[in-house]
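The following report describes one protein chain, moving from a single surface residue to the interior and then to the chain as a whole.

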Amino acid sequence: MWVLGVVTSLGTMGVYGTIFVRSMMPDASAPGDGLPMFLLYLYYTVISVYGLYQWKTFKGSAKDSAAPEKDVLVMKHLSKKEVTLGLALLVAGMVLVPQFLQEIGLWTEKLSSWLSVLNVVLSAIGTYWLTKAYIEQWYVWILANAVWTVYNMMEGLWWMSALSAVYIVSAVFGLVHWRRHGQYID
């Protein structure tokens, strides 16, 4: 899963990198579009490598007692402290990312810009929570992919909208699968 994350992240960086480059052309209506998503997928690439390492350590921490050779899906619950930190990062991201983009001259007050930033922040939190095997990360992914679907529709990226809609369904299936087959290690 994590190797696929690296490959797909690199490919999607290419899509949003192209959108960003096009947005910097003199006749572009929204300078900077695509940059937050490009940076998100750069983060995904790095965090996928970390996730690969992290999940290898989880694999060894739990084995199916009925079949010791079989790996068990391990998961944890977020603590109140981690939820509070996640919410604080969400708020901070929604304030600081637009300020940063405004400082470098790449911010527009379009709804799509706000949706893009919201998606970036939610996805960064969701991916980190996934590396830590928190089951609650699936709820973040459902929300982030819904935001991403709307963003891509607004930008006319219909195939990306379809892909993100598939990701919503995938996140729901992931949540159900983890609940049915996971083992808590808290």
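Met-154 has its place in helix H5 of what is a predicted model. Because its relative accessibility is 41%, Met-154 counts as partly exposed, the range for that class lying between 20% and 50%. Together with Leu-111, Trp-114 and Val-150, Met-154 makes a nonpolar surface patch of about 360 Å². Two helices, H4 (111-131) and H5 (137-154), each supply at least two residues of this nonpolar patch.

Turning from the surface to the interior, the largest nonpolar core holds 42 residues, and the members that touch the most other members are Tyr-16, Met-37, Tyr-41, Trp-55, Trp-148 and Trp-178. Two or more residues of this core come from each of helix H1 (2-23), helix H2 (35-59), strand E1 (73-75), helix H3 (80-103), H4, H5 and helix H6 (158-181). In soluble globular proteins, nonpolar side chains tend to be buried together.

Which residues does Tyr-16 touch, if residues up to four places away in sequence are not counted? The partners of Tyr-16 are Gly-34, Met-37, Phe-38, Tyr-41, Trp-148, Tyr-151, Asn-152, Leu-157 and Met-160.

A further residue to consider is Gly-86, which lies in helix H3. Gly-86 is buried, because its relative accessible area of 7% falls under the 20% limit for that class. When residues up to four places away in sequence are left out, Gly-86 touches Ile-125 and Trp-129. The C-alpha atom of Gly-86 is also separated by 9.8 Å from that of Val-121, although these two residues are 35 residues apart along the chain.

The two residues with accessibility values can be set side by side.

| Residue | Element | Relative accessibility | Class |
|---|---|---|---|
| Met-154 | helix H5 | 41% | partly exposed |
| Gly-86 | helix H3 | 7% | buried |

For the protein chain as a whole, the secondary structure comes to six helices and two strands, and along the sequence these follow the pattern α-α-β-α-α-α-α-β. Of the 186 residues of the chain, 44% count as buried. Among the contacts with a separation of 6 or more, 70% are accounted for by residues 24 or more positions apart. The protein chain exposes about 10,300 Å², and carbon and sulfur atoms supply 70% of this area.

Key:
Residues are numbered from 1 along each chain as its sequence is written. This is a predicted model: local features need pLDDT of at least 70, side-chain atom pairs count only at pLDDT 80 or more; totals for chains, interfaces and linings use all residues. Side-chain values use heavy atoms; hydrogens and water are left out. Patches are made of residues with over 30% relative accessible area and no salt bridge: like charges are joined within 9 Å, nonpolar side chains (Val, Leu, Ile, Met, Phe, Trp, Tyr) within 5 Å. Accessible areas come from the Shrake-Rupley method with a 1.4 Å probe; for residues, only the protein chains shown count as cover. A salt bridge is a side-chain nitrogen of Lys or Arg within 4 Å of a carboxyl oxygen of Asp or Glu. Helices (H or I, at least four residues) and strands (E, at least two) are DSSP runs, numbered from the N terminus. Buried means under 20% relative accessible area, exposed over 50%, partly exposed in between (1.4 Å probe, protein chains only). A nonpolar core is a set of buried Ala, Val, Leu, Ile, Met, Phe, Trp, Tyr and Cys residues joined through side-chain atoms within 4.5 Å. Contact means heavy atoms within 4.5 Å.
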